[in-house]
Amino acid sequence: MDYFSHLKIWILALSMIFQSVYGFYLPGSYPHKYNVGESLSVKVNSITSIDTEMPFSYYSLPFCQPAEGIKDSAENLGELLMGDRIENSPYRFKMHVNESEIFLCRTDPLSADNFKLLKERIDEMYQVNLILDNLPAIRYTKKDAYLLRWTGYPIGIKVQDAYYVFNHLKFTVLVHKYEEANMARVMGTGDGAEVIPTIGNGGSDIPGYMVVGFEVVPCNFMHNVQSVKNSKMYDKYPSPIKCDPTTVSMPIKENEPIVFTYEVTFEESDIKWPSRWDAYLKMEGSKVHWFSIMNSLMVITFLAGIVLVIFLRTVRRDLTRYEELDKEAQAQMNEELSGWKLVVGDVFRAPTNASLLCVMVGDGVQILGMAVVTILFAALGFMSPASRGTLITGMLLFYMILGIAAGYVAVRLWRTIGCGDHKGWMSVSWRSACFFPGIAFFILTMLNFLLWGSHSTGAIPISLFIILILLWFCISVPLTLIGGYFGAKAPHIEYPVRTNQIPREIPAQKYPSWLLVLGAGTLPFGTLFIELFFIMSSIWMGRVYYVFGFLLIVFILLVVVCAEVSLVLTYMHLCVEDWKWWWKSFFASGSVAIYIFLYSINYLVFDLKSLSGPVSATLYLGYSLLMVLAIMFATGTVGFLSSFWFVHYLFSSVKLD
């Protein structure tokens with residue numbers, strides 16, 4: 001081949017690569033082409049409320065049911081754990097076919113129980129969540145000239161002493177014409193076109209559309225109950241229906257039925273299919289969000305830089321001063337030791353409850369690794385909001401796989417503390433496999449009893465409990481034991497100095513050391529408290545969290561700050577001849593969990609003011625406690641491992657006799 005032939009091949013290859021990237025979609029997010037007139041099915045999710053935080057099944061209320069019966073959609077593990085119950089609905093559309101005044105059903109007369117339940121759900125601000133082509137229904141409202149976006153629509157509204165159910169829904173489906181990815185048309189014709197494959201169906205002339213938006217306007221209309229007595233589902237309502245969301249006219253009453261109707265309009269939109277989630281992702285004010293995070297990153301990076309510079313200058317000055325002396329001066333200096341050099345014979349003395357420390361560090365490595373991998377995959381787009389439940393499913397999967405890291409770190413640290421002794425490594429492995437999962441299982445079981453008692457869909461079914469236990473003992477525990485085996489076989493870390501038989505007495509301190517440990521958590525907390533607000537809002541206020549790239553940056557910054565804070569605190573304790581640094585280094589950075597828990601209580605009091613009932617508050621505090629424990633294990637592990645490395649490096653750099 002000549003030069004131009006090679007060049008042509010490279011151009012064609014690059015063109016195919018770029019075209020494949022252009023047509024690449026993440027797992028679970030492929031566009032679906034609908035032909036004109038093709039049936040579209042609307043699904044229903046659990047009804048939810050920020051007032052109680054307890055989801056319930058859509059069909060727990062007297063709503064219309066599909067003619068073919070209620071059927072559960074395929075759900076993954078994450079959806080079940082999040083309380084999602086996606087089921088079919090009676091709402092049916094035809095692509096690009098506008099329909100109005102469609103009769104859905106007339107319910108049975110409301111019993112006393114159903115009437116009371118409807119009033120309770122309206123008082124508790126429950127909302128209906130509909131899904132079309134994986135897009136949640138979105139509702140727009142105006143407030144002070146601002147356009148607000150909400151997912152779902154409320155069940156009804158209370159006006160004075162009367163309760164009104166939204167019995168008519170006005171749907172708007174935004175569609176975009178399906179564009180075939182035809183390589184030959186992009187590249188033109190000629191010799192090159194013959195070797196470029198055509199992607200798609202060859203440019204079919206049959207028009208097709210993709211769903212790029214799903215909007216709903218709920219209304220309350222004065223239906224004539226008797227006029228639809230003999231009507232069937234999807235029949236034409238006998239009179240015109242005007243949807244006015246600003247007025248209500250038909251209150252619900254006991255022993256009277258409810259008539260439901262709907263209408264649907266299709267509108268062609270310029271929104272591209274990859275951009276159809278933008279409306280949901282902009283619901284929380286992205287400008288304020290990005291500005292707050294950037295401001296936090298700049299401030300905390302500046303503070304962490306100051307701490308790091310001061311710390312490095314202090315330690316380096318001590319080491320440089322010692323290394324520049326000759327041997328006689330070093331010997332004389334050894335006789336006049338002060339500060340951290342005095343604890344050379346005790347700095348590596350085994351801490352109290354050494355096995356518990358090893359277990360917590362091992363579990364912390366597992367949680368930390370799970371967080372890193374999950375956030376990284378989410379930042380790359382593999383766990384987008386379009387794929388429900390994948391975030392929770394991924395976290396469980398990564399956590400189980402990283403059990404091998406937990407066992408390895410815990411057992412190797414155990415052997416290091418025991419100076420190479422293999423005794424007890426199996427017990428440490430078992431405890432690593434069961435300690436944090438056991439705590440999580442206990443908390444979730446207690447909370448699940450509350451959800452079971454409330455008949456909430458957030459309750460984990462017995463079958464799922466069995467699956468989780470099987471995953472725990474059949475995957476996580478064996479992998480942790482395997483990691484422990486490799487940790488027992490790996491060489492332990494040799495201490496650079498010998499430990500004296502008699503422990504040195506620690507001088508009395510002016511202030512209790514635990515005050516420093518508790519105060520050390522403020523700086524790591526400062527790195528994430530702004531981001532924490534958005535995370536809490538996504539969990540408890542139903543907002544969509546999507547800026548995983550920023551979360552990854554904040555997480556990395558948090559790890560760096562935790563390491564720095566723990567190093568500084570460990571050095572301060574050694575300088576005052578306090579050689580019990582093991583646990584203090586763990587809790588110096590792990591104490592950030594205390595401030596996060598306090599922030600959670602603050603969020604409950606001031607941001608979730610409408611959270612009603614002791615059950616809802618207990619659920620909130622229980623899940624917050626579980627989150628805080630996981631954060632304490634992860635951040636504490638970062639602090640301990642960095643302090644261990646620092647102490648080992650510090651005493652191996654200075655040759656003390």
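**Cysteines, a helix pair and a small sheet**

Let's start with a single cysteine: Cys-562 has a relative accessible area of 1%, so this residue is buried. Keep in mind as you look around that the model is a predicted one. Cys-434 offers a contrast, because its relative accessibility of 26% places it in the partly exposed class.

From here we can turn to the cysteines that are bonded. How many disulfides does a search of the whole structure find? The search turns up 2. Counting bonded cysteines along the chain, their pattern is 1-2, 3-4.

Take the link between Cys-64 and Cys-105, where the S to S distance is 1.8 Å. Cys-64 sits in the loop between strand 2 (39-44) and helix 2 (77-81), while Cys-105 belongs to strand 4 (residues 99-106), so this disulfide ties together parts that are 41 residues apart in sequence. Is the bridge left-handed or right-handed? The torsion about its S-S bond is about -85°, and therefore the disulfide of Cys-64 and Cys-105 is left-handed. Cys-64 counts as buried because its relative accessibility is 3%. Cys-105 is buried too, with a value of 13%.

Next comes the disulfide that joins Cys-219 to Cys-243, with 1.6 Å from S to S. Cys-219 is part of strand 14 (residues 208-219), and Cys-243 lies in the loop between strand 14 and strand 15 (259-268), so the pair connects parts that are 24 residues apart in sequence. Here the angle about the S-S bond is 40°, and the link is right-handed. Cys-219 is buried, at a relative accessible area of 1%. Cys-243 is also buried, and its relative accessible area is 17%.

Now let's move along to the helices. In the loop between helix 11 (425-453) and helix 12 (462-489) you will find Ser-456. Is this serine buried or exposed? Its relative accessibility is 8%, so Ser-456 counts as buried. Leaving aside residues up to four places away in sequence, Ser-456 touches Met-54, Pro-55, Phe-56 and Leu-451.

Helix 12 leads us to another partner. Helix 10 (residues 403-417) packs with helix 12 at an angle of about 35°, and their axes are 6 Å apart. The two helices cross in a right-handed way. On the helix 10 side, the contact includes Gly-403, Gly-407, Tyr-408 and Arg-412. Helix 12 contributes residues including Leu-479, Gly-483, Gly-484, Phe-486 and Gly-487. What kinds of residues make up this contact of helix 10 with helix 12? They divide into 7 nonpolar, 6 polar and 3 charged.

Finally, go back to strand 2, whose neighbourhood includes a sheet. This open sheet has 4 strands in the order 3-2-6-7, paired in antiparallel fashion. Why do strand 3 (87-94) and strand 7 (135-136) each have one side without a neighbour in the sheet? Both stand at the edges with a single partner strand each, so one side of each is left free of a neighbour in the sheet. Further in, strand 2 and strand 6 (residues 130-132) run antiparallel and are joined by 3 bridges. To see this pairing residue by residue, pick out Lys-43, which stands opposite Ile-131 in strand 6.

Key
Residues are numbered from 1 along each chain as its sequence is written. This is a predicted model: local features need pLDDT of at least 70, side-chain atom pairs count only at pLDDT 80 or more; totals for chains, interfaces and linings use all residues. Side-chain values use heavy atoms; hydrogens and water are left out. A disulfide is a pair of cysteine sulfur atoms within 2.5 Å. Buried means under 20% relative accessible area, exposed over 50%, partly exposed in between (1.4 Å probe, protein chains only). Contact means heavy atoms within 4.5 Å. Axes are lines fitted to C-alpha atoms, for helices over the stretch in contact, and angles run from 0 to 180 degrees between N-to-C directions. A crossing is left-handed if the near helix is turned anticlockwise from the far one by less than a right angle, and right-handed if clockwise. Ala, Val, Leu, Ile, Met, Phe, Trp, Tyr, Cys and Pro count as nonpolar, Asp, Glu, Lys and Arg as charged, and the others, Gly among them, as polar. Two strands pair if DSSP finds at least two bridges between them.
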